[in-house]
Amino acid sequence: MAYTLLMGLSISDIPPQGRATAMGFFQATYGLGMFIGPFVTGWIGHSFGLGTAFGVTSGVGVVGMVLAYLVVRKKQ
């Protein structure tokens with residue numbers, strides 16, 4: 001559900017002639033995150049333990065939530 005929403009929001013402010021490029025950029029960024037996220041989390045879990053890996057993951061989620069809130073608030 002979140003993927004579909006983010007995909008739509010990623011091209012909402014782009015003129016129609018540039019939407020294919022914007023969609024390609026979004027998918028490339030998403031794909032990079034799908035690789036880097038588990039890789040880094042696995043490295044942290046192996047080096048420092050799973051508790052630390054889960055803590056870092058939750059911290060990244062909280063930072064993302066705050067940034068999303070600030071961006072939405074700024075648009076309004």
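In which helix does Val 40 lie? In this predicted model, Val 40 belongs to helix H2, which covers residues 19-48, and the close-up views described below take up this residue, the two pockets, the packing of two helices and some further single residues.

**View 1. Val 40 in helix H2 and its separation from Ala 53.** Val 40, a residue of helix H2, has a relative accessible area of 35% and is therefore partly exposed, since that class lies between the limits of 20% for buried and 50% for exposed residues. Ala 53 stands 13 residues away from Val 40 along the chain, and the C-alpha atoms of these two residues are separated by 8.8 Å.

**View 2. The largest pocket and the residues that line it.** The space in the largest pocket amounts to about 380 Å³, and its lining consists of Leu 6, Leu 9, Ser 10, Ser 12, Asp 13, Ala 68, Val 71, Val 72 and Lys 75. Two elements, helix H1 (2-10) and helix H3 (50-75), each give two or more residues to this lining, and the largest share, four residues, comes from H3. Sorted by class, the lining of the largest pocket comprises five nonpolar, two polar and two charged residues.

**View 3. The second largest pocket, with its lining from H1 and H2.** For the second largest pocket the volume is about 160 Å³, and the residues along its lining are Leu 6, Ser 10, Phe 25, Phe 26, Thr 29 and Tyr 30. H1 and H2 are the elements that contribute two or more residues to the lining of the second largest pocket, with H2 giving the most, namely four residues. In terms of class, the lining of this second largest pocket holds four nonpolar and two polar residues, and no charged ones.

**View 4. The packing of H1 against H2.** The axes of H1 and H2 lie 9 Å apart, and the two helices pack at an angle of about 140 degrees. H1 is therefore oblique to H2, because an angle has to be over 145 degrees to count as roughly antiparallel. The crossing in which H1 passes H2 is right-handed.

**View 5. Ser 10, a residue of helix H1.** Ser 10 is found in helix H1, and it appears in the lining of the largest pocket and also in that of the second largest pocket. Its relative accessibility of 27% is the reason why Ser 10 counts as partly exposed. Between Ser 10 and Val 63, which are 53 residues apart in sequence, the distance in space is 19 Å, taken from C-alpha to C-alpha.

**View 6. Arg 19 in helix H2 and Arg 73 in helix H3.** Arg 19, which lies in helix H2, has a relative accessibility of 34% and so counts as partly exposed, whereas Arg 73, placed in helix H3, has a relative accessibility of 52% and so counts as exposed. The C-alpha atoms of Arg 19 and Ala 68 are separated by 22 Å, with the two residues 49 apart along the chain. For Arg 73 and Met 23, which are 50 residues apart along the chain, the separation of the C-alpha atoms is 24 Å.

How values were computed: Residues are numbered from 1 along each chain as its sequence is written. This is a predicted model: local features need pLDDT of at least 70, side-chain atom pairs count only at pLDDT 80 or more; totals for chains, interfaces and linings use all residues. Side-chain values use heavy atoms; hydrogens and water are left out. Buried means under 20% relative accessible area, exposed over 50%, partly exposed in between (1.4 Å probe, protein chains only). On a 1 Å grid over the protein atoms alone, a cavity is a set of points where a 1.4 Å probe fits but cannot get out, and a pocket is an open set with protein on both sides within 12 Å along at least five of seven lines; lining residues have an atom within 4 Å of a point. Grid points are joined across faces, edges and corners, and a volume is the space filled by probe spheres set on the points. Ala, Val, Leu, Ile, Met, Phe, Trp, Tyr, Cys and Pro count as nonpolar, Asp, Glu, Lys and Arg as charged, and the others, Gly among them, as polar. Axes are lines fitted to C-alpha atoms, for helices over the stretch in contact, and angles run from 0 to 180 degrees between N-to-C directions. Angles under 35 degrees count as roughly parallel, over 145 as roughly antiparallel, 65 to 115 as roughly perpendicular and the rest as oblique. A crossing is left-handed if the near helix is turned anticlockwise from the far one by less than a right angle, and right-handed if clockwise.
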